[in-house]
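Here's a look at how strands and charged side chains are arranged in this one. Have the viewer open while you read.

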Amino acid sequence: QNAVLDTKDAAYLAALENLKEQYDGSNGGAEVLYQMASYYHQKGAEYQAPPFGAADNDERKDHLKKAQMLCYEAVRSYAGSFGAKQCQVLLKELESANLTMQVEQVNLPGQPFLAKIEYKNIKQAWFKLIRLDEKRVKAIEEVQYDHDAQERILQLLQKWPSTKTWSANLPDDGDLRQHTTEVKVDALPNGKYAILLAENQGFKAEKTAVSYAIANVSKLAYWERNDNAGTSNFVIFDRETGAPLKGVKVELYYQKYNELARRYQWDRKGGVLESNAEGFVNLPDADERRPQYKALLCTTKDTLDTGDQFYRYKYRDNRRPYDQTMFFLDRAIYRPGQTVFFKGIALNFDLKRMPKILKNERVTVTFLDANYQKVSDLQLRTNEYGTFSGQFTAPRGGLLGNMQIQSSIGGQSQYFR
């Protein structure tokens, strides 16, 4: 979709062009250039890329570059002026670099996978693969909740030796915008890895864009279920085939607070369990003192530690049986004086929320107008299927609006107009 300047925008730009000529050669010209750059910066931010494969005819795509050129002109022609300093600030924002990465939490061993890269103003990215053993994982966990966790984790990853490094060219047409691409990561054996991403080969974070992602490589997979009584269980299965896995060991870790270090740490005293033939692992009853835990899955050839945390609480079960009426009307809107036909079904829900029909039960259906005043009511009885039916006549006068019919079984109402 093409962007067309409306009359107001066109008049504003024309006025700025006139001021640019009027203040040409004086410091006021820099401020005019800054206002023009700000206009193109704002309009350029409104640009949205078209769907894949569609033509891109939106002129706003190049507005950020226009803002950049105007700022360069101000800095070059009016160095040191207030307007030039404003343009330098805008240039810093326009030309700032950004680089982030996302990978699947768990990937299959022996198969390459993709990393999603989001970047801005970067043409080449460097990757550093680091295998994480138990000691390194613990080092990351010890700082991951600190206020400067990102910086400290990057420092750890930068000093650890790499298993592999490589680079990739990132498509960039110089439009000063955020872009997304995918980069192939070669097949890896079982294990836990960190992938460090940077715009420089030295992976230095000073004044450059650096990011990282954690990737697990394993054929193990699981899901966890927790009921209101605090009972939890795991189902463990093959990530590739979906088949349940027997004999997978599950090591439980509970979180505890280390007063000396003033941080939470993982306690390994959760015990070791093992999956049965159906892949199920029943966890011990919830401990209200230690509701938070994580699990390490392992076999003789494979290990999976996603770092996911789980919570187990015993909730008070205040559920009670209750009745409910469901109404059905012949339409949603009625004219004054028109007949309102309705049907209803009466149900009872037990402690397990399983419904059963209420047979041969007396039910009073009350018709209320828009002022919540009773118009009339009907004394009915449910049949062998728990249903009942009847009709009312909508009021011919009074306030128009939402009316309702209400059931004595459950107290539910059905609103209509």
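## A buried charged pair

Asp9 and Lys43 are both buried. In this predicted model, their side chains form a salt bridge, with 3.3 Å from N to O. Asp9 belongs to helix α1 (residues 7-22) and Lys43 to helix α2 (residues 28-45), so the contact ties together parts that are 34 residues apart in sequence.

The pair doesn't sit on its own, either: Asp9 and Lys43 are linked with Glu46, Asp58 and Arg60 in a network of salt bridges. As for the general idea, side chains of opposite charge can pair when their charged atoms come close. Across the structure, the count of salt bridges comes to 18.

## Lys219 and Asp238

Another of these contacts joins the side chains of Lys219 and Asp238, at 3.6 Å from N to O. This pair links distant parts of the chain, 19 residues apart: Lys219 is in the loop between β8 (210-217) and β9 (220-226), while Asp238 is in strand β10.

Are the two partners buried or exposed? Lys219 is partly exposed, with a relative accessible area of 32%. Asp238 has 10% relative accessibility; buried means under 20%, so Asp238 counts as buried.

## Around strand β10

Strand β10 covers residues 232-238, and 6 of its 7 residues are buried, which leaves the strand mostly covered. Its pairing with strand β14 (residues 280-282) is antiparallel and runs over 3 bridges. If you want a spot to zoom in on, Val235 stands opposite Phe280 in β14.

## Asp305 and Lys294

The side chains of Asp305 and Lys294 also meet in a salt bridge, this time at 4.0 Å from N to O. Asp305 lies in the loop between β16 (303-304) and β17 (310-311), and Lys294 lies in strand β15 (residues 292-298), so the pair ties together parts that are 11 residues apart in sequence. Both Asp305 and Lys294 are buried.

## A three-stranded open sheet

Now for a sheet: 3 strands make up an open one, in the order β1-β3-β6, with antiparallel pairing. Why do β1 and β6 each have one side without a neighbour in the sheet? β1 (98-103) and β6 (178-185) stand at the edges and each has a single partner strand, so one side of each is left free of a neighbour there. On average, neighbouring strands in this sheet are turned by 25° against each other, direction ignored.

Strand β3 (residues 113-120) runs antiparallel to β6, and 8 bridges join the two. Within β3 and β6, look for Ala115, which stands opposite Val183 in β6.

Definitions and conventions: Residues are numbered from 1 along each chain as its sequence is written. This is a predicted model: local features need pLDDT of at least 70, side-chain atom pairs count only at pLDDT 80 or more; totals for chains, interfaces and linings use all residues. Side-chain values use heavy atoms; hydrogens and water are left out. Two strands pair if DSSP finds at least two bridges between them. Helices (H or I, at least four residues) and strands (E, at least two) are DSSP runs, numbered from the N terminus. Axes are lines fitted to C-alpha atoms, for helices over the stretch in contact, and angles run from 0 to 180 degrees between N-to-C directions. Buried means under 20% relative accessible area, exposed over 50%, partly exposed in between (1.4 Å probe, protein chains only).
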